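Let's go through this one by asking what earns each label. Have a look at the model first.

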2 protein chains.
Amino acid sequence: MRISQLVEESGVPLATVKYYLREGLLPPGTATTATQADYSEQHLHRLRVIRALTGAAGLPVQRARAVLALIDAPDGDLFESLGRAVAALPPYAGVDPDGDYPRARAVIERLGQLFDPQYAAVAQLEHALKAAEDAGLPISDERIEAYGRHLHAIAEFDLGQMPSAAAASDAAAGSAAIEYAVLGTALYEPVILAMRRLAHQDVAAGILEGGHD
Amino acid sequence: MRISQLVEESGVPLATVKYYLREGLLPPGTATTATQADYSEQHLHRLRVIRALTGAAGLPVQRARAVLALIDAPDGDLFESLGRAVAALPPYAGVDPDGDYPRARAVIERLGQLFDPQYAAVAQLEHALKAAEDAGLPISDERIEAYGRHLHAIAEFDLGQMPSAAAASDAAAGSAAIEYAVLGTALYEPVILAMRRLAHQDVAAGILEGGHD
DNA sequence: CTCTTTGGATAGTTTAACTATCCAATCACG
DNA sequence: CGTGATTGGATAGTTAAACTATCCAAAGAG
């Protein structure tokens with residue numbers, strides 16, 4: 001298909017598609033003549049992924065490009081590629097190889113989970129805990145345990161739902177696995193937060209019943 | 001204290017403090033002379049709240065101002081003020097009074113929670129569900145139920161931990177309640193997401209044990 | 001054969017969040 | 001009292017990200 005059809009089917013403005021091409025998020029089509037190129041279904045799919053990442057997930061274009069690069073060319077170790085891909089999602093917390101992440105370490109060890117300071121999520125947790133502390137709302141051990149229990153259960157469900165194709169170990173499936181993991185993380189997190197906020201209101205309404213309305 | 005001390009104790013650059021004053025996030029100090037003002041502990045506290053909102057919570061300055069205004073002057077109905085304050089937190093989803101939010105409605109009713117299209121979280125959920133769908137990762141009913149169960153439990157814990165001062169109903173306590181709710185939502189959400197990502201890695205490592213490293 | 005459409009390059013726009021400069025009025029100290 | 005450093009406040013400048021608009025030569029369509 002021509003670029004105009006890509007624009008029409010995706011709903012993304014032409015100037016923006018050109019921008020993504022320029023920035024390397026969207027691979028160029030196969031040139032048919034000096035001034036014309038052909039685009040495939042894959043381009044359309046890629047465009048949807050780009051919009052999911054930059055829109056719902058809120059990634060800057062530069063980070064989206066990094067994530068897409070990992071999807072396109074996962075290196076040998078799938079586990080590591082997955083980690084790096086998810087690390088590119090917000091909130092961004094650079095991993096300091098010499099950091100010791102005391103708050104995060106205490107939390108993770110309390111929960112009996114494995115602690116590897118290389119995980120970007122460790123740095124994210126450390127920053128989040130520190131921010132809460134700095135603002136005067138430190139997180140209690142009971143809260144950590146309550147959250148940890150329920151989130152681990154959610155994580156078990158998530159992994160259980162992972163399509164078997166994505167769990168395969170051949171290189172071709174690596175791309176699918178990374179794309180699934182990245183999109184699943186980026187797209188389901190807002191759902192989780194919205195559901196928690198709604199649950200808050202449900203619980204609060206129960207407590208305040210009669211006191212309100 | 002003078003502005004320089006405010007700068008020193010908060011760690012926020014002078015130019016930025018002036019910017020917050022200009023933008024109305026930080027109330028002016030009490031002027032002692034034509035060119036000097038006095039700032040209190042409250043200003044220091046406010047500065048910490050501002051940094052929590054604009055930094056960790058990722059609010060644009062304009063939205064932070066709206067949240068702070070609600071903290072300063074909650075109107076009569078605390079429940080509504082709370083709703084509006086939390087609605088100002090990202091992700092931003094404008095509430096359309098005529099919207100019917102079909103996906104969110106289905107989810108909330110399936111969970112047996114109360115559904116009020118006025119809640120910003122309903123619009124947030126709708127958008128999040130739509131984004132997942134558009135990207136080709138629709139959310140199954142089983143997932144909704146699993147998430148819903150655990151998130152409701154987390155919400156129950158959250159409300160149970162709310163300091164009694166914040167649950168008081170006199171106007172003075174309204175500010176404290178809103179500040180607590182907003183900061184708690186904004187600061188704990190990143191903790192929740194980081195913990196889920198870590199749980200993913202813990203579960204994945206368990207599944208892949210032997211297959212990896 | 002002409003007239004519209006296309007691909008691609010280049011430059012411009014917009015918004016947000018600071019950041020730097022200026023200036024006159026103090027304040028601190030001797 | 002005098003003088004040099006500091007302060008409050010106004011104004012303008014900077015930076016970065018994400019588009020958006022313009023231009024031009026080369027196809028393609030009727």
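Q: What makes a residue count as near DNA strand D, and which are the closest?
A: The cut-off is a heavy atom of the residue within 4 Å of the strand. By that rule 20 residues surround DNA strand D, and the closest are A:Pro60, B:Ile3, B:Ser4, B:Lys18 and B:Thr35. Of the strand's atoms that come within 4 Å of the protein, sugar and phosphate account for 64%.

Before going on, a word on the source: this is a predicted model, where local features need pLDDT of at least 70, side-chain atom pairs count only at pLDDT 80 or more, and totals for chains, interfaces and linings use all residues. Residues are numbered from 1 along each chain, chains are lettered from A, and side-chain values use heavy atoms, without hydrogens and water.

Q: Why is the approach of B:Lys18 to DNA strand D called a polar contact?
A: A polar contact needs a pair of N or O atoms within 3.5 Å; within protein, one must be able to donate a hydrogen and the other to accept it, and residues adjacent in sequence count only if both atoms are side-chain atoms. A polar side-chain atom of B:Lys18 lies 2.7 Å from a base nitrogen of DNA strand D, so the pair qualifies. B:Ser4 also qualifies, because one of its polar side-chain atoms lies 2.9 Å from a phosphate oxygen of the strand. For A:Val61 a backbone N or O atom does the job, 3.1 Å from a phosphate oxygen.

Q: Which element gives the most to the surface near DNA strand D?
A: That's α2(A), with five residues.

Q: How do you know that B:Arg143 and A:Asp158 form a salt bridge?
A: The rule asks for a side-chain nitrogen of Lys or Arg within 4 Å of a carboxyl oxygen of Asp or Glu. Here the closest N and O atoms are 2.7 Å apart, so the pair passes. The count between chain A and chain B is six salt bridges.

Q: What makes 71 residues of chain A contact residues?
A: Contact means heavy atoms within 4.5 Å, and 71 residues of chain A meet 71 residues of chain B on that basis.

Q: What does the buried area between chain A and chain B come to?
A: About 7000 Å², with 74% from carbon and sulfur atoms. Buried area is the accessible area (1.4 Å probe) that two parts lose on being put together, summed over both.

Note on methods:
Helix = DSSP H or I, 4+ residues; strand = E, 2+ residues; numbered from the N terminus.
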